[in-house]
Amino acid sequence: MAGLLKSFTNLIRGKSQELAKQMADPVRDSKLAIQDSEKLIADFTSRIAKLIAQTKSLKRDQKEAEADVNKYQGFAQRAADAKSIDDARSSLELKGQAQTRLDGLSGEITRNDQLVKNLRDQLSKARAKVASAKRNVVNLEARFEGAKVRQELAKASSEFNTGDSPLAALDDLEKSVNAK
């Protein structure tokens, strides 16, 4: 019983694979792949734009941090000139915090700029690949259709030579006329 079930399962699998082959359309599949790639590129582009916007926001924060460093340095300098040691110390502590923030922002901006550069390069390559695929799909579609026509003509040609074709009936008529 198990052997019969396995044979039946294999028969169904074989038929489904044959059906999948018959339903396959490489031209359609190629066009759908190009559309999917264009959607991915659009999504990728929006992600890059968000990263660029985030980097611009970080640059604004960086300018504020630079201004804070300069401001607290000025406060410390004025406090030192006024011989106010406690004010100078607190201003230098605030300057140190602002400097730490500035250094962190600068590092993050540098990393983001490098990441944007790399992502733009990848995006450019992806766009070029999709553009090339679009150009090639037209040529490949024409070649595919030409191959289908050649197959159909070959099939029709072989059918003309069989005894069931309309031309075979003419051949039979000619043979009967020649025989009389």
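## Report on a predicted four-helix model

The secondary structure of this protein consists of four helices and zero strands, where helices (H or I, at least four residues) and strands (E, at least two) are DSSP runs numbered from the N terminus. The model is predicted, so local features need pLDDT of at least 70 and side-chain atom pairs count only at pLDDT 80 or more, while totals for chains, interfaces and linings use all residues. Residues are numbered from 1 along each chain as its sequence is written, and side-chain values use heavy atoms, with hydrogens and water left out.

### Overall character

Along the sequence, the elements follow the pattern α-α-α-α. The protein has 180 residues, of which 16% are buried; buried means under 20% relative accessible area, exposed means over 50%, and partly exposed lies in between (1.4 Å probe, protein chains only). The protein exposes about 14,000 Å², and carbon and sulfur atoms supply 56% of that area. Accessible areas come from the Shrake-Rupley method with a 1.4 Å probe, and for residues only the protein chains shown count as cover.

A contact means heavy atoms within 4.5 Å. Among contacts between residues at least 6 apart in sequence, 79% join residues at least 24 apart.

### Buried positions and their contacts

Three buried residues illustrate how parts of the chain that are separated in sequence meet in the model.

Glutamine 62 lies in helix H2. With a relative accessibility of 18%, glutamine 62 counts as buried. Leaving out residues up to four places away in sequence, glutamine 62 touches Leu102, Leu105, Ser106 and Ile109.

Serine 91 belongs to helix H3, which covers residues 85-160. Its relative accessible area is 8%, and serine 91 is therefore buried. Apart from neighbours within four places in sequence, serine 91 is in contact with Tyr72, Phe75 and Ala76.

Valine 137 is also located in helix H3. This residue is buried, at a relative accessible area of 12%. Its contacts, not counting residues up to four places away in sequence, are with Ser30, Lys31 and Ile34. In addition, the C-alpha atoms of valine 137 and valine 27 are separated by 7.2 Å, although the two residues are 110 residues apart along the chain.

### Salt bridges

A salt bridge is a side-chain nitrogen of Lys or Arg within 4 Å of a carboxyl oxygen of Asp or Glu. By this rule the count comes to seven salt bridges. The table includes three of them.

| Salt bridge | Distance, N to O |
|---|---|
| Arginine 28 and aspartate 29 | 3.2 Å |
| Aspartate 68 and lysine 71 | 3.8 Å |
| Lysine 148 and glutamate 145 | 3.6 Å |

In the pair of arginine 28 and aspartate 29, arginine 28 is partly exposed, with a relative accessible area of 40%. Aspartate 29 counts as partly exposed as well, at 38% relative accessibility.

Aspartate 68 and lysine 71 are separated by about one helical turn, because they are three residues apart in helix H2. Aspartate 68 is partly exposed at 24% relative accessibility, and lysine 71 is partly exposed at 37%.

Lysine 148 and glutamate 145 both lie in helix H3, three residues apart, which is about one turn of the helix. The relative accessible area of lysine 148 is 33%, placing this residue among the partly exposed ones. Glutamate 145 is likewise partly exposed, with a value of 37%.

### A positive surface patch

Lys56, Lys59, Arg60 and Lys63 form a positive surface patch. Patches are made of residues with over 30% relative accessible area and no salt bridge, with like charges joined within 9 Å and nonpolar side chains (Val, Leu, Ile, Met, Phe, Trp, Tyr) joined within 5 Å. Lys and Arg count as positive and Asp and Glu as negative, while His and the chain ends are not counted. The place of a charge is taken as NZ of Lys, CZ of Arg, CG of Asp or CD of Glu.

One member of the patch, lysine 56, is placed in helix H2, which covers residues 26-81. Lysine 56 is exposed, with a relative accessible area of 53%.

### The loop between H2 and H3

Lysine 83 is found in the loop between H2 and H3. At 69% relative accessibility, lysine 83 counts as exposed. Its phi is near 60°, a positive value in a residue other than glycine.
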